[in-house]
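Hi everyone, thanks for making time today. I'd like to walk you through a structure that is probably new to most of you, so let's put it on the screen.

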Amino acid sequence: MLTEVLIAPFTEFEFMRRALAAVIALSLGGAPIGVFLMLRRMSLVGDAMAHAILPGAAIGFLLSGLNLFAMTTGGLIAGFAVAILAGVVSRTTGLKEDASLATFYLASLALGVTIVSIKGTNIDLLHVLFGNILAMDDQTLLVVAFNATITLLVLAVIYRPLVIESVDPLFLRTVSRAGAPAHLAFLALVVINLVNGFQALGTLLAVGLMILPAGIARFWSRDITGMICIAVIAAVISGYAGLVLSFQTKVPSGPAIILVATVLYAGSVLFGSIGGLIRQMFPAPHLEA
């Protein structure tokens, strides 16, 4: 019985295997990015950027329908454009970057929904907003896997300055000029992984598989490498359990994955070894002199 529930869906149906492979790729690429977003206190920036890609993806949809290349290209262009515009506005006016991003992402979300509504149906709009990982084809899976590979390779190159800047940006500026290039490369990786997640989870939930696993990892490790490993594992478990939940019930796949991640996050808040509520209520005894 347990085998039929947990394993049979993936052995019997190719679309479930394809969805699981996509979840693993998204976890490997997105979860480490989420950890650095959290460490740099940019979690809400990631959410804003997730909405920022919608107009570009919607224009790609308007021109070519549900065409992978057109929507991905449009999403990348829109994401980079919003990031650059928000940075320019915050540096040339008195408006802070978070407020600037909030303004652009709200406008982007409204514009994207309007564009999709002009040509598409309600089903198309739901697909763009919430994605459908169970409908992923081989071409989309290859793009997701390619982007995840690029993410890991670039992260390996910029890992050291990224870690130092997350902990002590002033020190990095005094000893190296790698901070600015690393930051720009990191923002590019954020956009790439949001577009990756957009294909599977839609624009509203794409950031979920990045931020929630990072939040989970924060309650189980103080070491950045440990946090990244835990975040990836949490994302894979959330994806797998979410797919099983979606297959066995009527819950859509994208929301099911994020709901499972939310349950894991709630459990970590309660029982986490680093700052969990239960751990704070019943602290381990300290050695007394």
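Let's begin at Tyr159, which counts as partly exposed, because its relative accessibility of 29% falls between the 20% limit for buried and the 50% limit for exposed. Please keep in mind that this is a predicted model.

Now, what about Phe36: is it buried or exposed? Phe36 is buried, with a relative accessible area of 1%. The rings of Phe36 and Tyr159 form a pair: their centres are 6.0 Å apart and their planes stand at 80°, so the pair is edge-to-face. This pair joins distant parts of the chain, since Phe36 belongs to helix H3 (residues 14-39) and Tyr159 to helix H9 (residues 138-167), with the two positions 123 residues apart.

Let's stay with Phe36 for a moment. Apart from neighbours within four places in sequence, Phe36 is in contact with Leu155, Tyr159, Leu162, Val163, Ser166, Phe186, Ile224 and Ile228. Phe36 also turns up in the largest nonpolar core, which has 60 residues. Those with the most contacts inside that core are Ile33, Phe36, Ile133, Phe186, Leu194 and Leu243.

Phe186 is on both of those lists, as a contact of Phe36 and as a member of that core group. There is something else to see at Phe186: the charged end of Arg40 sits over its ring, 5.1 Å from the centre.

Back to the aromatic rings. How many aromatic pairs does the structure hold? There are 6 of them. In one, the rings of Phe13 and Phe15 have centres 5.6 Å apart and planes at 50°, so this pair is tilted. Phe13 is partly exposed, with a relative accessible area of 31%, and Phe15 is partly exposed too, at 30%. Ring pairs also bring in Phe247, giving a cluster of Phe13, Phe15 and Phe247.

Last stop: empty space inside the model. The count comes to 1 cavity of 30 Å³ or more, and the largest cavity holds about 60 Å³ of space. Which residues line the largest cavity? The lining is made up of Leu26, Gly30, Asn193, Gly197, Leu201, Ala206, Leu209 and Met210. At least two lining residues come from each of H3, helix H11 (179-205) and helix H12 (208-218). Of the helices, H11 gives the most, with 3 residues.

That's my tour, and thanks for listening!

How values were computed
Residues are numbered from 1 along each chain as its sequence is written. This is a predicted model: local features need pLDDT of at least 70, side-chain atom pairs count only at pLDDT 80 or more; totals for chains, interfaces and linings use all residues. Side-chain values use heavy atoms; hydrogens and water are left out. A nonpolar core is a set of buried Ala, Val, Leu, Ile, Met, Phe, Trp, Tyr and Cys residues joined through side-chain atoms within 4.5 Å. Buried means under 20% relative accessible area, exposed over 50%, partly exposed in between (1.4 Å probe, protein chains only). Contact means heavy atoms within 4.5 Å. Rings of Phe, Tyr and Trp (its six-membered ring) pair if their centres lie within 6.5 Å; planes under 30 degrees apart count as stacked, over 60 as edge-to-face and the rest as tilted. Helices (H or I, at least four residues) and strands (E, at least two) are DSSP runs, numbered from the N terminus. A charge sits over a ring if NZ of Lys or CZ of Arg is within 6 Å of the ring centre and within 35 degrees of the ring normal. On a 1 Å grid over the protein atoms alone, a cavity is a set of points where a 1.4 Å probe fits but cannot get out, and a pocket is an open set with protein on both sides within 12 Å along at least five of seven lines; lining residues have an atom within 4 Å of a point. Grid points are joined across faces, edges and corners, and a volume is the space filled by probe spheres set on the points.
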